Amino acid sequence: MNVPLPRFVQIEPVGQCNLACRMCPVVMRGDGGPGKPPAFMPLETFRSLVDQFDGVEELHLQGLGEPFLHPRFFDMIAYAAARGLEVSTNTNLTALSERRAEQCVKSGLARLHVSLDAADAAAYEYIRVGSRYDRVVRNLEMLVDAKQRLGSATPEIRLVAVLMRRNLDQLPGLVRFAHEHDIAGLSVQHLAHDFTEDTLPAKYASMREFVDDQTLATEDPALVEAVFTATRELAVALGVDLRLPRIQGGKKRGCDWPWRGAYVAYSGEAMPCCMVATPDRVNFGNMARDGVGPVWDNAAYNAFRDRLASDSPPDICRGCAVYRGLF
């Protein structure tokens, strides 16, 4: 094998969601929708994939869908954790219960990232269509209580916010929220999906319009920097770990995702990274069907790597925030 297997793997356990977030293509993809079978990765498939990634150290269990919808989600965590993997996940935290809160603590989950884009109900519910801010806050408090009751330091809980024009002014409030709710920190990322290529299916048109309208790529950098500065100062004062993206691209463009990490959709397709979002845009074959090793080092994967390392990257990477050095 010319390309060593990665130490980091991201597996999408679920390809459907209980929300319809304006910037997310999962609804447009339509998997697991009305009249369709659930878009869940079978537990046996998951175990087989994990077993084939020899030497893997970190596993992130999340893709486009909401992982808490999977009926065997905590079995997945326990299986990977028992093999010594550091397991993390992202969730909108709308499907939590007291039992699941305890499972988060007892399953071996190392880190849990909660998507919370605003500390204001109206702003949050505008972005996360179908959500209820008060429910997320209640569930978050339930999870913190479970950790304290069981005397556990894990999972580490972090807030994750997708930054756009609609919630730029919410950043200081999110820092205060993290401090008040005993949350480890706040990680902020740009509204980063790139849907500019001409080959994009027409079904994504409404989401592309939203991204074009809300992206900070065309915002006044001085305005963004002023908010960032105030947010950093507040985070230092309150002792909240804050991670903000770059306002403008770094000097070096590029990405090493396809070498250092694998991304597997719930249906088994291997994709370049999580930023691609859906396998209908690009994939290199089905790891669940054909095996991890044969796909990881096949001609399609390596041709993509070669282009990404060149001065003429794949079209799907050109507008990506990671490639442009904004992360």
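Let's start in the middle of the fold, with strand E3 (residues 86-91): this strand is mostly covered, since 5 of its 6 residues are buried. Buried here means under 20% relative accessible area, while exposed means over 50% and partly exposed lies in between, using a 1.4 Å probe and protein chains only. Helices and strands are DSSP runs numbered from the N terminus, with at least four residues of type H or I for a helix and at least two of type E for a strand.

A quick word on where this comes from. The model is predicted, so keep in mind that local features need pLDDT of at least 70 and side-chain atom pairs count only at pLDDT 80 or more, while totals for chains, interfaces and linings use all residues. Residues are numbered from 1 along each chain as its sequence is written, and side-chain values use heavy atoms, leaving out hydrogens and water.

**E3 and the strands beside it**

What sits next to E3? Strand E2 (residues 58-61) pairs with E3 in the parallel sense over 3 bridges; strands count as paired if DSSP finds at least two bridges between them. One of the matched pairs is Glu58 with Glu86 in E3. To get from E2 to E3, the chain passes through helix H3 (residues 73-82), making a right-handed β-α-β crossover. Right-handed means that, with the strands pointing away from you, the path from the first strand over the helix to the second runs clockwise.

E3 also has strand E4 (residues 111-115) as a parallel partner, joined by 4 bridges. Here Thr89 has Leu112 in E4 as its bridge partner. The connection is another β-α-β unit, made of E3, helix H4 (residues 98-106) and E4, and this unit is right-handed.

**The whole sheet**

Zoom out, and 9 strands form an open sheet in the order E7-E6-E5-E4-E3-E2-E1-E8-E9, with mixed pairing. Strand E7 (241-243) and E9 stand at the edges with a single partner strand each, so one side of each has no neighbour in the sheet.

Now look at strand E8 (residues 261-264). Gly261 and Tyr263 on one side, and Ala262 and Val264 on the other, are all buried, so both faces of E8 are covered. Strand E1 (residues 8-11) and E8 run parallel, whereas E8 and strand E9 (residues 270-271) are antiparallel. E8 and E9 form a hairpin with 5 residues between them, and Gly268 in the turn has a positive phi of about 100 degrees.

Here are some bridge partners around E8:

| Residue | Stands opposite |
|---|---|
| Ile11 | Val264 in E8 |
| Tyr263 | Met271 in E9 |
| Val264 | Ala270 in E9 |

Gln10 is worth a stop too. This residue is found in strand E1 and counts as buried, at 5% relative accessibility. Which residues does Gln10 touch? Leaving out residues up to four places away in sequence, they are His60, Gln62, Gly63, Trp257, Ala262, Tyr263, Val264 and Cys274. Contact means heavy atoms within 4.5 Å.

**Inside the fold**

In soluble globular proteins, nonpolar side chains tend to be buried together. A nonpolar core is a set of buried Ala, Val, Leu, Ile, Met, Phe, Trp, Tyr and Cys residues joined through side-chain atoms within 4.5 Å. The largest one has 88 residues, and those touching the most other members are Ile11, Phe46, Phe53, Leu61, Phe68, Leu159 and Met287. Helix H6 (residues 133-149) gives the most to this core, with 7 residues. Another core lies apart from it, with 15 residues that include Leu64, Ile127, Tyr204 and Phe210.

Phe46 also belongs to helix H2 (residues 43-52), whose buried residues are Leu43, Phe46, Leu49 and Val50. Looking down the axis of H2, these fall within an arc of 125 degrees, so they line one face of the helix. The arc is that of the directions from the helix axis to the C-beta atoms. Among the elements covering them are E1, E2, H3 and E8.

Helix H8 (residues 205-214) has Met207, Phe210, Val211 and Gln214 as its buried residues. They fall within an arc of 95 degrees seen down the axis of H8, so they too line one face.

**The chain overall**

The chain has 14 helices and 9 strands, and 54% of its 327 residues are buried. Its C-alpha trace spans about 50 × 45 × 40 Å along the principal axes.
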